[in-house]
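Dear colleague,

Please find below the structure that I am passing on to you. I should be grateful if you would read my notes with the coordinates open beside them.

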Amino acid sequence: MSVPRHVLLRNQEIPDIDQFDVYVAHGGYDALKKALAEYEPEALVDLVKRSGLRGRGGAGFPTGVKWGFLPKDGRPRYLVVNSDEAEPGTFKDRELIEHNPHQLIEGMIIASYAIGAREAYVYVRGEFLRGAEQLRRAVREAYAHGFLGERILGSDFSLDIHVYRGAGAYICGEESALLESLEGKRGNPRLKPPFPAVAGLYGLPTIVNNVETICNVPPIVMYGAEWYTSMGTEKSPGIKIMSVSGKVRRPGNYEVPLATPLRTLLEEYAGGMLPGYQIKAVIPGGSSVPLLTADQLDTPLDYESMMAAGTMLGSGGCIVLDDQTCIVKAAARLVKFYREESCGKCTPCREGTYWMTDVLERIEAGLGEADDLTVLLDIADNISGKSFCPLGDAALGFMVSAVKHFREEFEAHIREHRCPMGAKAYDTVNY
């Protein structure tokens, strides 16, 4: 059995892979047929456990282990796929659902069969209109050809899939806020425990997985756990889609084996920097993680190596900051994003992101004061680990690391009462 050079991004090589007939002609739904014919549900859960597949939404929790948390109490279960991709710098799930929607549908059917779900939902970011349309069309085609509905492919397994568009709230990327929104409520995070696997959608056991995570399931079924663990490392096996943006020659999504050096991703896959630009720093896992400096480019792209380097692999949104980028302005821009997207439920996040944005914009506008950095880090300390959900901590990752590695640039803004990089102050600043 030949393994394709690209696994998740097969659409790069196959025209019209989003169409049902084309997808099937290139092996689409073969994994589903194999799963229904050769595996009991428990065996599929064990297969995913043995593959070592970890969640690709950011947390990196082992997928098979998560599936195993579902209580065996006879209650109905749900599968919910998180496609509320709103992390700045991350755009992998969008490509998957727009260009190869049947890959996700097939993965959802297999995953639902494995966990015993008879109903599944895809929660799509509100701005992903084309992605939602592609998924809805793919779902209709799957029903029409007997891959969804009653007694799929003549088996005893039945499944219905629903596509639900959100309203554009970043907080709904957090799994419990997503479930609240899916139930028609305000998208605020829930107190945990209980976790969704015990009390999720409508209070019933629910598995929430990321789009990329679920898209890994069909190839694991087709080629086996040993094939998957042959890539990456023992604790971080398999492949990962990295979304590269910034002043590189070829920005885009790249599928790489985990543990590929960051330098390889940027130089060989993304083509290196545009003429006249040098790397100043890299945010390797989306805007919520600490930055890496230019002398850390040989760090392997796996969960453990990133943690050892002081950052996280996160969602794989690799933002390249060049030597003409003002770090202070970048920090102010990202913290402002988290201020705007905070649900306001808890004081540390609601107030902390407001005051951090205020201080950073003053510094960038040339109105910084001598103790501003002390105040900034003190606010961050009062947010860290004290927010109701991870959004508060997400607002700190880049900002705190920026002060740590580029403190002189912050101090120069305060000392010189201007941006040394020549960046213009925000229009919203008015003192």
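The notes below cover confidence, the two sheets, one helix, the cysteines and one loop residue.

Please bear in mind throughout that this is a predicted model. The mean pLDDT of the protein is 94, and 97% of its residues reach 70 or more. Residues 425–431 need caution, as their pLDDT is below 50; this stretch nevertheless has 13 contacts in the model beyond near neighbours in sequence. Where pLDDT is low, the predicted coordinates should not be read in detail.

I begin with the parallel sheet. Four strands make up this open sheet, in the order β3-β2-β1-β4, and their pairing is parallel. The edges are held by β3 and β4; each has a single partner strand, so one side of each is left without a neighbour in the sheet. On average, neighbouring strands here are turned by 20 degrees against each other, with direction ignored. Five bridges connect β1 and β4 in the parallel sense, and Leu79 stands opposite Ile207 in β4. Helix α6, residues 101–115, lies across β1, β2, β3 and β4 and runs at about 145 degrees to β1.

Helix α8 also packs against these strands. Its buried residues pack against β1 (78–83), β2 (119–124), β3 (160–165) and β4 (206–210), as well as against α4 (63–68). How many of the residues of α8 are buried? The count is eight of eight, and the helix is thus mostly covered. Both glutamates named in the list of buried positions, Glu175 and Glu180, appear there alongside Ser176, Ala177, Leu178, Leu179, Ser181 and Leu182. After the helix comes Gly184, which has a positive phi near 90 degrees.

Within this helix, which spans residues 175–182, I would draw your attention to Ser181. Is Ser181 buried or exposed? Its relative accessibility is 11%, and because the cut-off for burial is under 20%, Ser181 counts as buried. The side chain of Ser181 makes a polar contact with the side chain of Tyr123, at 2.7 Å. Leaving aside residues up to four places away in sequence, Ser181 touches Tyr123, Tyr164, Cys172 and Gly187.

I turn next to the mixed sheet. Five strands form this open sheet in the order β6-β5-β9-β7-β8, with mixed pairing. Here β6 (252–257) and β8 (292–293) stand at the edges with a single partner strand each, so one side of each has no neighbour in the sheet.

Strand β5, residues 239–246, has seven of its eight residues buried, so it is largely enclosed by the rest of the structure. A hairpin of five residues joins β5 to β6. The two strands run antiparallel and are joined by six bridges, and Ile241 stands opposite Glu255 in β6. Strand β5 is also joined to β9 (residues 317–322) by four bridges, in this case running parallel. The bridge partner of Ser245 in β9 is Ile319.

Towards the β8 edge, β7 (residues 279–283) and β8 pair in the antiparallel sense over two bridges. Ala281 stands opposite Thr293 in β8.

On the cysteines, the structure holds zero disulfides. Cys419 is in no disulfide, and the nearest cysteine sulfur, that of Cys326, is 3.5 Å away. Why does that distance not qualify? A disulfide requires sulfur atoms within 2.5 Å, and the 3.5 Å to Cys326 therefore does not meet the cut-off. Cys419 is buried, with a relative accessible area of 7%. Cys215 is buried as well, at 1%.

Finally, there is a loop residue to record. Glu40 lies in the loop between α2 (30–38) and α3 (41–51). With a relative accessibility of 54%, Glu40 counts as exposed. The C-alpha atoms of Glu40 and Thr264 are separated by 40 Å, and the two residues are 224 apart along the chain.

With kind regards

Methods. Residues are numbered from 1 along each chain as its sequence is written. This is a predicted model: local features need pLDDT of at least 70, side-chain atom pairs count only at pLDDT 80 or more; totals for chains, interfaces and linings use all residues. Side-chain values use heavy atoms; hydrogens and water are left out. Two strands pair if DSSP finds at least two bridges between them. Buried means under 20% relative accessible area, exposed over 50%, partly exposed in between (1.4 Å probe, protein chains only). A polar contact is a pair of N or O atoms within 3.5 Å; within protein, one must be able to donate a hydrogen and the other to accept it, and residues adjacent in sequence count only if both atoms are side-chain atoms. Contact means heavy atoms within 4.5 Å. pLDDT is the predictor's confidence in each residue, from 0 to 100. Axes are lines fitted to C-alpha atoms, for helices over the stretch in contact, and angles run from 0 to 180 degrees between N-to-C directions.
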